[in-house]
Amino acid sequence: MNSRVVTRFETTLPVDDDHQYRTGAWQPNFTEWSVTDCAVEGELPDDLNGVYLRNTENPLHPAIGRYHPFDGDGMLHAMEFGNGTANYRNRFVRTAGFEAELAAGGPLWAGLAEPASRSIRPDGWGARTRMKDASSTDVVVHAGKALTSFYQCGDLYALDPVTLEQFGAERWGGQFPVEGVSAHPKVDEHTGELLFFNYSTVAPYMHYGVLDPDGSLAHYTPIELPGARLSHDMAFTEHYAVLNDCPMFWDPDLLARDVHAVRFYPDIPTRIGVVPRRDQRRHQVVRGRPDVRAALDQRVRRRRRGRARRLLPGQPGAQRAAGRDDRAAHVPLPRQHDARAEALSLAAQHGDWRGERRFPRRPHE
Ligand SMILES: [Fe+2]
């Protein structure tokens, strides 16, 4: 076994730190290591080849106010297997927020358990705004790169999945969404696509998109939601992406006053959005409760009756619009969406996709 210290970081956490989320199994690590030919107990199968990646919350500094474990800086751990041997490496994810706090010698952004107003820096990341993008939530491998992500929507940071060499924040040729990307993007191993979503406190409250294996943004479209949501994850099938609208989200009344308080609304049903992976024309919303579904269908029928009434008898389409009333089965997507047109429109409005829309002043720009 050959172990080498790559970097030792100076922490500003107290020596006698006894915080429940920074001790025991949560004990942060401030040293980056590269270890080759790890000691093995037993035997590694000869045909075990690959890398096991784990992202962790690993704070270098104390919190401003209360510490929540989601606030910790991202640290990626890689255990590489091949030819019956194992190598280990760990690295802090060099996010812009991590670098800024390193330079400042202490915390600059308040975390999840504190109001955004307690942040020292007026800028930042996240749907809540004024947070540090710690990129500590998730890691996937896409097109040969490990991509770390942030649960509140932020950048995707790219690293070599084996050596953990850092390539910085993904730019997607200038098309990286200004709303950021949520943790839990999905890689389709069959097509090589990356499917992702984000969420926001301002309309459109969600976007869904697809990145091609060559790193170009192939699809990016708003998803209609009744208000700000806190979607955690997504799924996909061969033809559809599956998105969530769950009844646990920021209290809209408080949100209007810039207070971010998460509440559970037991009377609001969970909705599952089934979205064609690239073609929005067949978007359906599957409602969890039959009574809600019936009410929705009634609303659609009413709307269509109104449309039929606006057509004069004998006018082309009048008969067809009226006849469709009783066959309403689901909510069709309002209109086909052209992701490229959206990109061009945003580019025209803001100069480029990384304009001043969501993250007014990024510390690394
Ligand atoms: Fe998660």
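Visitor: In the loop between which two strands is the place of Gly 215?
Guide: In this predicted model, Gly 215 counts as partly exposed, because 16 C-beta neighbours lie inside 10 Å. Leaving aside neighbours within four places in sequence, Gly 215 is in contact with Ala 143 and Trp 172, and its C-alpha is 9.3 Å from that of Glu 170, which is 45 residues away in sequence. The loop that holds Gly 215 lies between strand E12 (206–211) and strand E13 (217–223).

Visitor: Does Leu 225 count as buried or partly exposed?
Guide: Leu 225 is found in the loop between E13 and strand E14 (235–236), and, not counting residues up to four places away in sequence, Leu 225 touches Tyr 205, Met 206 and Asp 245. A residue needs 20 or more other C-beta atoms within 10 Å to be buried. Leu 225 has 19 C-beta neighbours inside 10 Å, and therefore counts as partly exposed.

Visitor: Which residue, 21 residues apart along the chain from Leu 225, has its C-alpha atom separated by 7.4 Å from that of Leu 225?
Guide: The residue asked for is found in the loop between E11 and E12. The peptide bond that leads to it from Ala 203 is cis, with omega near -5 degrees. The C-alpha separation of 7.4 Å from Leu 225 is that of Pro 204.

Visitor: Which strands stand at the edges of the open sheet of 4 strands, and why is one side of each left without a neighbour?
Guide: The order in this sheet is E6-E7-E8-E9, with antiparallel pairing. Each edge strand has a single partner strand, so one side of each is left without a neighbour in the sheet, and the two strands concerned are E6 (138–142) and E9 (166–169).

Visitor: Which residue in E8 stands opposite Thr 148?
Guide: Strand E7 (residues 145–149) and strand E8 (residues 157–159) run antiparallel and are joined by 3 bridges. The residue of E8 that stands opposite Thr 148 is Tyr 157.

Visitor: Which residue in the loop between E7 and E8 has a positive phi although it is not a glycine?
Guide: The residue in question counts as buried, because it has 27 C-beta neighbours inside 10 Å. Its phi is about 80 degrees, and the residue found in that loop is Cys 153.

Visitor: What is the phi of Ser 135, a residue other than glycine?
Guide: Ser 135 has its place in the loop between H1 and E6. Ser 135 is buried, because 32 other C-beta atoms lie within 10 Å. Its phi is positive, with a value near 50 degrees.

Visitor: Which strand is included in what covers the buried residues of H1?
Guide: The buried residues in helix H1 (residues 96–104) are Ala 96, Gly 97, Phe 98 and Glu 101. Just after this helix, Gly 105 takes a positive phi of about 75 degrees. What covers the buried residues of H1 includes strand E5 (85–92).

Visitor: Where the pairing of E3 and E4 is concerned, which residue in E4 is the bridge partner of Arg 54?
Guide: An open sheet of 5 strands has the order E1-E2-E5-E4-E3, with antiparallel pairing, and its edge strands, E1 (2–8) and E3 (50–57), each pair on one side only. E3 and E4 pair in the antiparallel sense over 8 bridges. Within E4, the bridge partner of Arg 54 is His 77.

Visitor: Which residues of strand E18 point to one face and are buried?
Guide: In a regular strand the side chains alternate between the two faces of the sheet. E18 (residues 271–276) is joined to strand E15 (residues 240–245) by 6 bridges, and the two run antiparallel, with Leu 243 standing opposite Gly 273. Ile 272, Val 274 and Pro 276 point to the other face and are not buried, whereas the buried face is that of Arg 271, Gly 273 and Val 275.

Visitor: Which strand supplies the largest share of the largest nonpolar core?
Guide: Of the 43 residues in this core, Leu 76, Leu 147, Met 206, Tyr 208 and Leu 243 touch the most other members. Strands that each supply at least two residues include E4 (74–82), E12 and E15. The largest share, 5 residues, comes from E11.

Definitions and conventions. Residues numbered from 1 in each chain as written. Predicted model: local features only at pLDDT ≥ 70, side-chain atom pairs only at ≥ 80, totals over all residues. Pairing = 2+ DSSP bridges. Buried ≥ 20, exposed ≤ 12 C-beta atoms within 10 Å, placed from the backbone. Contact = placed C-beta atoms within 7 Å. Core = buried A, V, L, I, M, F, W, Y, C linked by C-beta atoms within 7 Å.
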